[in-house]
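Student: I should like to work through this structure by question and answer. Please display it before we begin.

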Amino acid sequence: MVVYSFYIFDRHAECIYKKKWAPRPTSTGSKSQQSNGLPDGASQPKALSAEDDAKLIFGTIFSLRNMVSKLGGEDDRFISYRTGHYKLHYYETPTSLKFVMVTDTKTNNLRIVLHQIYVGLYVEFVVKNPLSPIEHPGGIGVNCQMFELGVEQFVNASLMS
């Protein structure tokens, strides 16, 4: 299994943590098109910055979550979605923190894994840390080495083995 990236968003839609392990795959075009799907000679689009990528991810989960709640009702929840190139996994805490992990398409549901990251790492190393801010205004993210090391070890041990 390949883990591409991991994000945490607070209740104010700010990305407070992001970690990338591998770049997401790009689509392949035909011989008359470049790898980005544009015809030969067309200008290449700029790569997204890390902030723009996080905004795009949040916009996607926000839209899909609202669509699922309107079409499905109160009991239905948005858990994940899959494209031809990646799968996005989603977990929301009771305090409206949103944990998002982007993996390859063959990965099973990671809702339990995201819950374990929340309970075992985020709560232990960020919430219980007296030096960590309660709110993250202006996108000031999680700045805790123990949390970052814990996420890295957890993902490498649990998901990439």
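Tutor: Helices (H or I, at least four residues) and strands (E, at least two) are DSSP runs, numbered from the N terminus. The model is predicted, so local features need pLDDT of at least 70 and side-chain atom pairs count only at pLDDT 80 or more, while totals for chains, interfaces and linings use all residues. Residues are numbered from 1 along each chain as its sequence is written, and side-chain values use heavy atoms, with hydrogens and water left out.

Student: In which loop is Ala-13 found?

Tutor: Ala-13 has a phi near 70 degrees, a positive value in a residue other than glycine. The hairpin that holds Ala-13 has 5 residues between its strands. The loop in question lies between S1 and S2.

Student: Is Ala-13 buried, partly exposed or exposed?

Tutor: Buried means under 20% relative accessible area, exposed over 50%, and partly exposed in between (1.4 Å probe, protein chains only). The relative accessible area of Ala-13 is 38%. Ala-13 is therefore partly exposed.

Student: What is the order of the strands in the open sheet?

Tutor: Two strands pair if DSSP finds at least two bridges between them. S1 and S2 pair in the antiparallel sense over 5 bridges, and S1 and S5 do so over 6 bridges. The sheet has 5 strands with antiparallel pairing, in the order S2-S1-S5-S4-S3.

Student: Which strands stand at the edges of the sheet?

Tutor: An edge strand here has a single partner strand, so one side of it is left without a neighbour in the sheet. The strands concerned are S2 (15–20) and S3 (80–82).

Student: Which residue in S5 stands opposite Ile-8?

Tutor: On the S2 side, Phe-6 stands opposite Lys-19, and the bridge partner of Tyr-7 is Lys-18. In S5, the residue opposite Ile-8 is Phe-99.

Student: What angle does the direction of helix H1 make with that of S1?

Tutor: Axes are lines fitted to C-alpha atoms, for helices over the stretch in contact, and angles run from 0 to 180 degrees between N-to-C directions; contact means heavy atoms within 4.5 Å. Helix H1 (residues 50–72) packs on the sheet, touching S1, S2, S3, S4 (87–92) and S5 (98–103). The angle between the directions of H1 and S1 is about 75 degrees.

Student: How many residues of S1 are buried?

Tutor: Strand S1 covers residues 3–9. This strand is mostly covered, and its buried residues number 7 of 7.
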